[in-house]
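Good morning, colleagues. Thank you for the opportunity to present a structure that will be new to some of you. Please take a moment to look at the sequence and the fold before I continue.

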Amino acid sequence: MAIVEVKVPQLSESVAEATLLQWKKKPGDAVAIDEIIIEVETDKVVLEVPAPAAGVLAQIVCDDGATVVSDQVIARIDTDGKTAVSPLEVKAVASDAAVAAAAPAAAAADIAGSKAGVAMPAAAKLMADNQLAAGSVAGTGKDGRVTKGDVLAAVAAGAAAPAPAPKAAAPAPAAAKPLPAVAAPMAMNLGERPEQRVPMSRLRARIAERLVQSQSTNAILTTFNEVNMAPLMEMRKKFQEKFEKEHGVKLGFMSFFVKAAVAALKKYPVLNASVDGNDIVYHGYFDIGIAVGSPRGLVVPVIRNADQMSFADIEKKIAEFGQKAKDGKLGIEELTGGTFSISNGGTFGSMLSTPIINPPQSAILGVHATKDRAVVENGQVVVRPINYLAMSYDHRIIDGREAVLGLVTMKDALEDPARLLFDI
């Protein structure tokens, strides 16, 4: 028997540990080389763990939800279990493995029978929390033991498989319809007033920690201004078709906001600085974080050297980030660093907000929905497409003058977008 160990991928220096999500394979299942067998969630990204070799999954060392560190062994693969494990043959191999295992399984039935249905400690606690009777959940672990994953699957389904009962036993009452499962529920009270207790994911917990950290350590103040988007909208409409044909990507508004922010950061460098102890660190580069919503929570991938990028380059990078966030494919290196951030709540219809600074940065721009509003121009009331901008800043190092003038610089650039093209 040749055993190959499956280990946790190398985590970044800033990530001490991670959490195993749900195993995609069970012991005895055939796996192909490089087939994804589990995902590991850190406080920043979700990493896929591929099988390092082809064979049969011989042992799962760490169950779903376990906390692990870099290079920790989490499973073992028997490469001699079966060799025909190309991606197109996985199903066939799994079937062959099941047939081959049938004889020894039958021979060990008396021994395994005493262990079948026994819940592992984590599974037993979860069953008690959800008021599930012993024997009501079918086990898929070694020797038929009930794993945490078995209990989670039973709870998510609304009811576990019934335990064997005498023929004369009365039928069990129908279970109440459960709430939609948004994550692994740790406790559920099914009645007229159902509740669901769901543990925070590492990413959500990290987001919460950083937001509280930001509000407790920064002296946050927010300044506002309004922007007449008509000139920008006219320019975009005029060149949209040619731009997309030339560059293969649509011309959005975010590239203009990024360029306007860079213009302000160049003019007022303290907006691009950060606090390190008693020092102010002025960054000579412009790495702009773009807040993106994902199924797992808010993430802020970073556009590096935004000042050196064209509008097309920025639009392509934003589109790439959006797709990666949706697929959970953002890498740790894409989420680290950043000297300034932009949050576009207008995508969801927000009219006004006070964005929270993303530490260790010192300022963030909030963009909102553009709506037709009545404004006064030359003594006349006219209708213009107006966007309210909000910039939160750390008042420890940024004075009101720099913050207000920085936002005015962005406003001027957006209302006269030709400035961005000529860097004036």
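I shall speak about one helix, the nonpolar cores, and a patch on the surface.

Please bear in mind that this is a predicted model.

I begin with helix H7, which runs over residues 254–267. Its 14 residues should span 20 Å at 1.5 Å a residue, and the C-alpha atoms at its ends are indeed 20 Å apart, so expectation and model agree. Is this helix enclosed or open to the outside? Of its 14 residues, 11 are buried, and H7 is therefore largely enclosed by the rest of the structure. Among the buried residues are Met254, Phe256, Phe257, Val258 and Leu265; Ser255 and Lys259 are buried as well.

This brings me to the largest nonpolar core, which holds 75 residues. Within this core, Ile74, Ile288, Phe340 and Ile342 touch the most other members. Helix H7 gives the most to this core, namely 9 residues. Where does the core lie with respect to the domains? Domain 1 (3–78) and domain 2 (220–421) both contribute residues, so the core lies between them. Another core, of 6 residues, lies apart from it and includes Met127, Val151, Ala154 and Val155.

Finally, I turn to the surface. Here Phe224, Met351 and Leu352 form a nonpolar patch, and together they have about 290 Å² of accessible area. Phe224 belongs to strand S11, residues 220–228. With a relative accessible area of 40%, Phe224 counts as partly exposed.

Thank you for your attention.

Definitions and conventions:
Residues numbered from 1 in each chain as written. Predicted model: local features only at pLDDT ≥ 70, side-chain atom pairs only at ≥ 80, totals over all residues. Heavy atoms only, no water. Patch = residues over 30% accessible without salt bridge, like charges linked within 9 Å, V, L, I, M, F, W, Y side chains within 5 Å. Areas by Shrake-Rupley, 256 points an atom, 1.4 Å probe, with all protein chains shown as cover. Salt bridge = Lys/Arg side-chain N within 4 Å of Asp/Glu carboxyl O. Helix = DSSP H or I, 4+ residues; strand = E, 2+ residues; numbered from the N terminus. Buried < 20%, exposed > 50% of the residue type's maximum accessible area, 1.4 Å probe, protein only. Expected span 1.5 Å × (residues − 1). Core = buried A, V, L, I, M, F, W, Y, C linked by side-chain atoms within 4.5 Å. Domains from an automatic or database assignment.
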